[in-house]
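Please read these notes with the model open beside you. They are numbered so that you can take them one at a time.

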Amino acid sequence: MTKQFILSRRAILASGLALGANALAPAVRAQEKMKVAGIHASPVENAWNSCLHKALQDAASEGAIEYVFSEGVSGTDYPRAMREYAEQGCKLIVGEAYAVEREARQVAADYPDTAFLLGSSGEATGSNFGVFGTWNHDGAYLAGMLAGAMTKSGIVGSVGALPIPEVNMLINAFGAGVKEVRPDAKHLVSFIGTFFDPPKAREAGLAQIDAGADILFGERIGTADAAKERGIKSIGSLIDYTPRYPDTVFANAMWYFRPILNAAIADVKAGKPTGNNYTAYGLMKQGGSDIVYVRGVAPAAAEAAMEAKRSAIKAGTFEVPIMMDAPQ
């Protein structure tokens, strides 16, 4: 498996961003509201979009911002939606540029007084086009350690959206965690070709179970449905799926968008450039991601080893490998 380290992003990890998002919250609330738009390519029930949506809703309920949004916006309509919200006076527009990288940057260039904060595999542009990655790979690695200790068949599966860098990184991290404790484990990987198609994710999961997988990592919604149907365990990503699948999902690689949002809001209100990479605010050591799990499902020794590694990640003494190539 090739480890492809993105130098500019690695520089972010090494930069030691000391300003924690929780410390930003009181200052953000104390300032007057500004209008923020969310443009969601998928329905807000989609896990990734729900993370953004919840953070924006929470900020609005606390009085930090006024929040408006659109969901299910297609790639062809996305630039138009960006322009419309900019014309409406939104000071910050939050969303995703994965399918419209070039077009999104052009919109930002046309509206220099509007800040844009978009999920992207690319880099920040100019003074107002900020980007972030969904880097919950730390939690995925830790969940993989539990899965590696639990699998009886020695085969685990992962169902992802598309083989883009952030998805690859997450699935690779899970596989690396598995192999830390079970070096001979086999890791099956499937991509469904879209960001939101729960039935297709279920089908991919069922195929992996048929191939021998007895634990599934669901980078996409729908994977846990396959696990539930066949009576095996599953791991969720981004949000906590355990309440929805109490007997199936035992661990989740969480990601919290609020620290990233708080940092961008603070920059906008301070009149600072927002053409920054805000990814680092979402790391585990910054409080932007973590693992949540049901204790007692994995062996006690496995939980203890995982917790020790979790402490090392938070202390900065261990870094989960960042592997952005497509899983092999």
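1. Strand 5 (residues 129-132) is covered on both faces: Phe129 and Val131 on one side, and Gly130 and Phe132 on the other, are all buried. Buried means under 20% relative accessible area, exposed over 50%, and partly exposed in between, with a 1.4 Å probe and protein chains only. Strands (E, at least two residues) and helices (H or I, at least four) are DSSP runs, numbered from the N terminus. In a regular strand the side chains alternate between the two faces of the sheet.

2. This is a predicted model, in which local features need pLDDT of at least 70 and side-chain atom pairs count only at pLDDT 80 or more, while totals for chains, interfaces and linings use all residues. Residues are numbered from 1 along each chain as its sequence is written, and side-chain values use heavy atoms, with hydrogens and water left out.

3. Strand 5 belongs to an open sheet of five strands in the order 2-1-3-4-5, with parallel pairing. Two strands pair if DSSP finds at least two bridges between them. Strand 2 (66-70) and strand 5 are the edge strands, each pairing on one side only. Neighbouring strands of this sheet are turned by 20° against each other on average, direction ignored; axes are lines fitted to C-alpha atoms, for helices over the stretch in contact, and angles run from 0 to 180 degrees between N-to-C directions.

4. Strand 4 (residues 115-119) runs parallel to strand 5 and is joined to it by four bridges; Phe116 has Phe129 of strand 5 as its bridge partner. At the other edge, strand 1 (residues 35-39) and strand 2 are parallel and share five bridges. There, Ala37 is bridged to Val68 in strand 2.

5. Which strands does helix 3 lie across, running at about 160° to strand 3? They are strand 1, strand 2, strand 3 (92-96), strand 4 and strand 5. Helix 4 (residues 78-87) also packs on this sheet, touching strand 1, strand 2, strand 3 and strand 4, and its direction makes about 170° with that of strand 1. Contact means heavy atoms within 4.5 Å.

6. Another open sheet has six strands in the order 7-6-8-9-10-11, and its pairing is mixed. Strand 7 (186-191) and strand 11 (289-293) are at the edges with a single partner strand each, so one side of each has no neighbour in the sheet. Strand 10 (residues 249-255) pairs with strand 11 in the antiparallel sense over five bridges, and Trp255 has Ser289 of strand 11 as its bridge partner. Helix 3 (residues 47-61) lies across strand 9 (233-238) and strand 10 too, at about 45° to strand 9.

7. Helix 6 and helix 11 (residues 300-315) pack at about 165°, their axes 9 Å apart. The two are therefore roughly antiparallel, the term for angles over 145 degrees; under 35 is roughly parallel, 65 to 115 roughly perpendicular and the rest oblique. Among the residues making the contact are Tyr141 and Met145 of helix 6 and Met306 and Ile313 of helix 11.

8. A nonpolar core is a set of buried Ala, Val, Leu, Ile, Met, Phe, Trp, Tyr and Cys residues joined through side-chain atoms within 4.5 Å. The largest one has 66 residues, of which Leu92 and Phe257 touch the most other members. Helix 6 (residues 137-150) gives this core its largest share, eight residues. Apart from it lies another core, of 20 residues, including Val100 and Val131.
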